[in-house]
Structure formats: structure tokens, C-alpha cells
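Here is a short briefing on selected local features. Please keep the sequence and the model in view while reading.

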Amino acid sequence: MCIVLNPHCKSEQKSSWLRQLRRWNSVDVCPWEDGNHGNELPNLTHSLPQGAHGNQEMRPHRTVFTRAIEACDLHWQDRHLQHIIASDLYANYCYHDNQDGSLFDTRGWPLWHEHVPTACARVDALRSHGYPREALRLAIAVVNTLRRQQQRQLEHFRRHKKELLHKGHTSITNMEGWVGHPLDPIGTLFSTLTEPGRGGEEGSNTCLDLSDCSSVVSRAELQRMPVQRLLGDGESYVALAVETALIGLGQQRVMPDGLYAQEKVCRNEEQLLAKLQEVEVDDSLVKIFRKQSVFLLEAGPYSGLGEIVHRESVPMHTFARYLFTSLLPHDAELSYKIALRAMRLPVLESTASPGDLSRPHHIVSVVPNRYPRWFTLSHIESQQCELASTMLTAAKGDSRRLETVLESIQKNIHSSSHIFKLAQDAFKIATLMDSLPDITLLKVSLELGLQVMRITLSTLNWRRREMVRWLVTCATEVGVYALDSIMQSWFTLFTPTEATSIVATTVMSNSTIVRLHLDCHQQENLASSARTLALQCAMKDPQNCALSALTLCEKDHIAFETAYQIVLDAAATGMSYTQLFTIARYMEHRGYPMRAYKLATLAMAHLNLSYNQDTHPAINDVLWACALSHSLGKNELAAVIPLVVKSVKCATVLSDILRRCTLTTPGMVSALHSRRNSGKLMSLDKAPLRQLLDATIGAYINTTHSRLTHISPRHYSEFIEFLGKARETFMMAHDGHIQFTQFIDNLKQIYKGKKKLMMLVRERFG
């Protein structure tokens, strides 16, 4: 662009460049302007006074050379343009063709009406070719034009405000925003106006001659006119540059297509803000901040901070944060208005506005697949979060402002992770070590935490457990009433498991009681709420909450009995043997062996151990249950053995149980309290052990046949060892020797084809 806009470029040179650019433009690997192979952008020259139509028929998309090709149609012959760049003294009384008043503003300063990026490309070209003074003159004319356009837009909106606000949506937005534009118009103007060493350029030794003298007012003529400076009273180049940047950053503009273009918008905005932050704010700049802020708030659809913005408008969070921090010491009310207005993110609102029929409804569900996609959405949401955090920090101690900021966060931020971050930020600010906790800010933190709980209750979030723990900590800081409140409404905030294992357990811990400085009455009230919560959770989800409920209700007899009854009711259908065995062991630990026995028998009914599951994790529980029954007495053991026989088909497990039952006298525990124990070992020839012995022998016979069906030679020795264990069990019966001999004879007959194996059997067992 700078090369083809060289003011001294001759027509043959331009033609040569045009041919070269077209040749490069037609190469298949020529980079595309938006880096994304995206949609068409409007032809640059459609909005130019010279109105050439470019070369769009050559390629259906825009490459990095398209704008330069279009710029070959531009020229410098316009008389008004020549006057602007030729002298500092040019004003409305030098020019007599200004019937419509469009060439000068009300102060008499010259204006330059051209597509803004193109006008700025001219400024850049003048600077690049060694005409900084001329570039400065044109830049000031462009900025004055922007200011006038801004004023006219404000007046137009005020005239049509009722009509536009009634519609509730707008189609007025710039398809090609100035920030993030390939030609960087705002950056060019800012650099031109803030370049150091401009004072020495007054007597520039270069004079740009653009055309024949006939079309330009002579220098002698200009010098006879009243003295006119480039800037008005009280203005400075820096102030003008700052105002230009604010105008560009506040422009309502549509988010471009594609990752490259969207990242460029973010990057360009950050670069401009970095330049602005280098400028020291004085009273004159504060006036400009105030003036532009008022415009941004009142200019409706022409401003990115107007009352109504297009759904696809580039958000203003980063820019608003800069305005907020700059204005806060000087005009807090205005700074909060700006920041609160900027908090919105229309593209994530759940439904489109009634009149906006071009976009699908329920936008939240379609955002990942919508076109064009917002690839930088995560960055935008983090900037929105930063803006909110900045406001929360500034509003500490002001309950009215904190309430307003809280409402804005709850309305506009949709990401649970970002709301959680804000809740944590507010908590940190409220509990700084050098001061007493700010209770209002703590309540804001709690409210945000509660919102996070509600959002993430039905959606997966890997930080959920951390969020729940943090909320209990925050509620503890707020006070006992906050803890009581979250327990009363637990079902809207937590899953039953979270409510019992994290919330109620933490509330009833000693550290919480000490932290809150509770008296006995308050402790009991809090514990009562926790127990009520635990019982409700156990009713809703007995599988996961019953044990926690029992633990929490230990100190209250009625609540403990209720929890136990909930477990018994759920045991038949809703609980697994693992959960029941765990609760049964807990009951034994607490000193309730009969209740433990009852739960163990219920667990056995759910269990099924097949012949080959000799390493099943439930084996230890089965052995424990049998040991418990044996310790309680003969009747309890007699009741549990039929359940074992029904549930366990694994021979080694049954033989282990059988041996344990024959080693000691049943009822050793109850013997301490009653006389029903006879002191004799139980007989294997009578019930209940006879039933167990028969089942064990049967299990060995069945397991042997199952193993022999698919046995390989490498398992022969292991199989012989297994038969050895079987013989030990057979021998426990009074006719065991005869049974085992018959069993071995049957094996030899049925599996005589497995000669090597049968030979090993004969060697070992005869």
C-alpha cells in the first residue's frame, strides 16, 4: 500500500507495480488477507470518492496484495486533499467550493472524507516516503473528520432513539472494524500524532509538490491569509492521539471470521491499550476520557458500549477495564457505568432477541458449531472475568456498588470456572490479613460460590470437589447462619454424597466449631441441621450416603436409629453387598454385633461367588461374616450357613469357612453375657456344619470336573495340589475316605484319555 501510494509514483511505475502485484496475486500459494480462507470482505474502493471497482473478478477471495491492487486506482489530484497536506494555514476561508459544509468543520478546520483505513494508508505512505509534516496535517484532518462523524452519529441516534430502543436489536455495525484492520488505521494515526521530535519539523526542508501550480493555492497566497495553527486552543498532539485511540477502540464492529482475524483483533486492541498506558494522564486527558465515555454510553448502535449492540459485536471488556481504571480516581460514577455496560456478552445469551431472525435461538447450545465461530471466546471470557474482578476490588467497602457488580456478574458471566475465580478473588480481598473481614464482600463471594454450585450441580466439572470445599470455607467465614442456610437448601447446591461426605462432615468438625466460637446451644443447633441433612441424603441416595449418615448421627440415638432403619429398608433393593458389608463392619466397630450380623446376612443374599473366583475381593467379607456369626452363637451360625451355601460355590472358600468353624466353640462373645453356650465344639455330622461340609465336598467335585474340561499339561501339578486339598476336606466326613476313593475312581474312568494326568493321580492318591 505504501509503495503504490507513493505521491511521486509515475503512472508507468504504477502500471508496472500493478502487473507485478496481479502476477503475485494469482499464484496459488499467495497468502490470504484474513489468514483463514474466509468470506469476502466489501471492496475497499466501493466507499472511495474515486470509486474504482478493483479486480475482484480475478480471485474470489482477498489476498495480502488485494488492497495494494485496489490502491493503484487511487490518486492525489483532489484539490482539497492537496490543500490539506500542503500547508498548516489552510482553512475554510481559503476555499470557496464548500457549499454543503462537508469540507470543513464548524471551527474552520479542513476535513477529509474517505474510507478511514484508506485515508490512514495515505498518512502512512506520506510518512514512509519522508513527508512527516504532510502526514501529520492529513492525520489531523482525518481525526477531525472522525470527531465530526461521531458527533453526527450521536445526534442521529438521539433523533431516532425511541424507535431503535423499541426494536431492541440493531443491524448497525461496522463489518470492517478499525481495530484489527489489516491496514491498522488507528495505530497509524496514533503513531503519527505521538512521534517524538515533531517540533523541529516546522521548517521542513522538503516541500511536497503533488501537481501543477494551477490546481493549488500558492504559498504566497496562503501566507497572506490569517495565521492558522494545526491544533485548536488547549489541544495537544498527545491528547488528539488519545482521543483517536478511544474513538477506534469504542467503535461497534462485528467480530471477523476465522482464528487469524479474531486473534488480530485481540492483539491490536492490546497493542493500542499498551500505548495508551504509556501516556501520563493529566487534567486535559481526563476531560477527553469523560467526553468519549459519555459518547460511548449515549451513541447507541454506533458505539460498542451503546444501549443496543449487535449479537456479533466485538466485546469491550479489555477497553472498558482501561477506561474504568483511568477514570475511577476522577469520576467513579461514570467509570462504573462504563464497566457495567461493557460486562455483557450477547453472543452467549440463551436466546436471540425477538426481531433478530437471522440468528438461531438457544445460542448457548449451538455456539461450538455456529458460523462464524468465535475462536477467541475463552480469551474474551477471561477478559470479562478480569473486568469484573477489577470492579469487585475497587468496590470493597461500598455495599451499593458491590451489589450492582454482583448482579452484573450473575447476569452476564456464563462460565462456572470464571465465576468461581471471581468468588475466590472476592474472598481473598475480603479477608486480607491487615484488616477485619469485609462482611459485604464476603457475602458477595458466598453468593457467587452458591451460583457456581447451582451451575455445576447438573454439569460435569473436574474442579467440583474443590469448589464444594471452598464454599464451606467461605460460608464458615460469613458465619453460622450461612452454614445453616446452605445445609437447609443442600438439594439445590450439592449431590447427596457431597452434602454428607464434605459439607456436613466439615460443619461438624472440631476446627469449624473452634473457628466459629460457638456456645453449646449453637453447636447443638448446627449439629441438628447436619443430622437432618444426613438423613435426607441417606433417604435419597442410601448406597453412597448411608455410612456417612450413620457416622454423623452417632451422638443422637433417635437419628442413629432412623439412619439404621433407612439402611435396612434400602438393603433389599438399592444396596450392593460391598456397601452392606462396609456398614456391617462399621456396626461391629461401634459395638453393635447383632446389627452387624443382620446387615451381613442381608449382604450375603446379594452375593454370588462362582467356583473359579478364589481371589474375589468379597471373600474376606464372607469369612468375617461367618466369624461374626460363629462368635455370636450356634443359632446365628446355623442361620448364616444356608446363605453361605447358596451364595458361595468356590470350594477353597467353603473349606476355609468349614475349618474355622470347627476350630473353636461357637458363641464365645455371647458366652460372656449368657449361659446358652455349651462349651462343646460343633459336630460335623449334625446341622448346620453337615450342610456346609456336603456343600464343600460338592463344590470340590464340580470344580474338579470343570477344571478337567480344559486342562493343559502345564497345569497338571497345580491340579494335583488341588486334589490334595479336596482330600483333606473329604476326610472331615466320617465316611470321607470311601467318598474320596470313589471320586478318584470315577475320575480315572471318565478321563482315562488323559493318560499322563491319570498316572500322576495314581501315583499320589493310589
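Helices here are DSSP runs of H or I with at least four residues, numbered from the N terminus. On that basis, Phe 740 and Phe 743 both belong to helix α32, which covers residues 736–750. The model is predicted. The points below take up its aromatic pairs, a surface patch, charges over rings, cysteines and positive phi values.

**Aromatic pairs**

- A pair of aromatic rings is described by the distance of the centres and the angle of the planes.
- The structure holds eleven aromatic pairs.
- One of them joins Trp 24 and Phe 65, with 5.4 Å from centre to centre and 40° between the planes, a tilted arrangement.
- This pair links distant parts of the chain, since its members are 41 residues apart. Trp 24 is in helix α1, while Phe 65 is in the loop between α1 and α2 (66–71).
- Trp 24 is partly exposed at 37% relative accessibility. Phe 65 is also partly exposed, at 22%.
- The ring centres of Phe 740 and Phe 743 are 6.2 Å apart and their planes meet at 55°, so this pair is tilted.
- Phe 740 and Phe 743 are three residues apart in α32, about one turn of the helix.
- Phe 740 is buried, with 5% relative accessibility. Phe 743 is buried as well, with a relative accessible area of 5%.
- Phe 420, Phe 427 and Trp 470 make up one aromatic cluster.

**Surface patch**

- Ile 3, Trp 17 and Trp 24 make a nonpolar surface patch of about 290 Å².
- Trp 17 belongs to helix α1, residues 11–25. Its relative accessible area is 32%, which means that Trp 17 is partly exposed.
- Trp 24 therefore has two roles in this account: it is partly exposed at 37%, and it contributes to the patch while pairing with Phe 65.

**Charges over rings**

- Arg 595 places its charged end over the ring of Tyr 564, at 4.6 Å from the ring centre.
- Arg 707 does so with Phe 722: its charged end sits over that ring, 4.4 Å from the centre.

**Cysteines**

- A search of the whole structure finds zero disulfides.
- Cys 72 is in no disulfide, and the nearest cysteine sulfur, that of Cys 9, lies 7.9 Å away. A disulfide needs the two sulfur atoms within 2.5 Å, so this distance does not qualify.
- Cys 72 is buried, with a relative accessible area of 10%.
- Cys 474 is buried too, at 0% relative accessibility.

**Positive phi outside glycine**

- Most residues other than glycine have a negative phi.
- Asp 184 has a phi near 45°, a positive value in a residue other than glycine. Asp 184 is in the loop between α5 (132–167) and α6 (185–194).
- At 26% relative accessibility, Asp 184 is partly exposed.
- His 517 is not a glycine either, yet its phi is positive, about 55°. His 517 sits in the loop between α21 (510–516) and α22 (520–540).
- Is His 517 buried or exposed? His 517 is exposed, because its relative accessible area of 67% is over the 50% cut-off.

Conventions:
Residues are numbered from 1 along each chain as its sequence is written. This is a predicted model: local features need pLDDT of at least 70, side-chain atom pairs count only at pLDDT 80 or more; totals for chains, interfaces and linings use all residues. Side-chain values use heavy atoms; hydrogens and water are left out. Patches are made of residues with over 30% relative accessible area and no salt bridge: like charges are joined within 9 Å, nonpolar side chains (Val, Leu, Ile, Met, Phe, Trp, Tyr) within 5 Å. Accessible areas come from the Shrake-Rupley method with a 1.4 Å probe; for residues, only the protein chains shown count as cover. A salt bridge is a side-chain nitrogen of Lys or Arg within 4 Å of a carboxyl oxygen of Asp or Glu. Helices (H or I, at least four residues) and strands (E, at least two) are DSSP runs, numbered from the N terminus. Buried means under 20% relative accessible area, exposed over 50%, partly exposed in between (1.4 Å probe, protein chains only). Rings of Phe, Tyr and Trp (its six-membered ring) pair if their centres lie within 6.5 Å; planes under 30 degrees apart count as stacked, over 60 as edge-to-face and the rest as tilted. A charge sits over a ring if NZ of Lys or CZ of Arg is within 6 Å of the ring centre and within 35 degrees of the ring normal.
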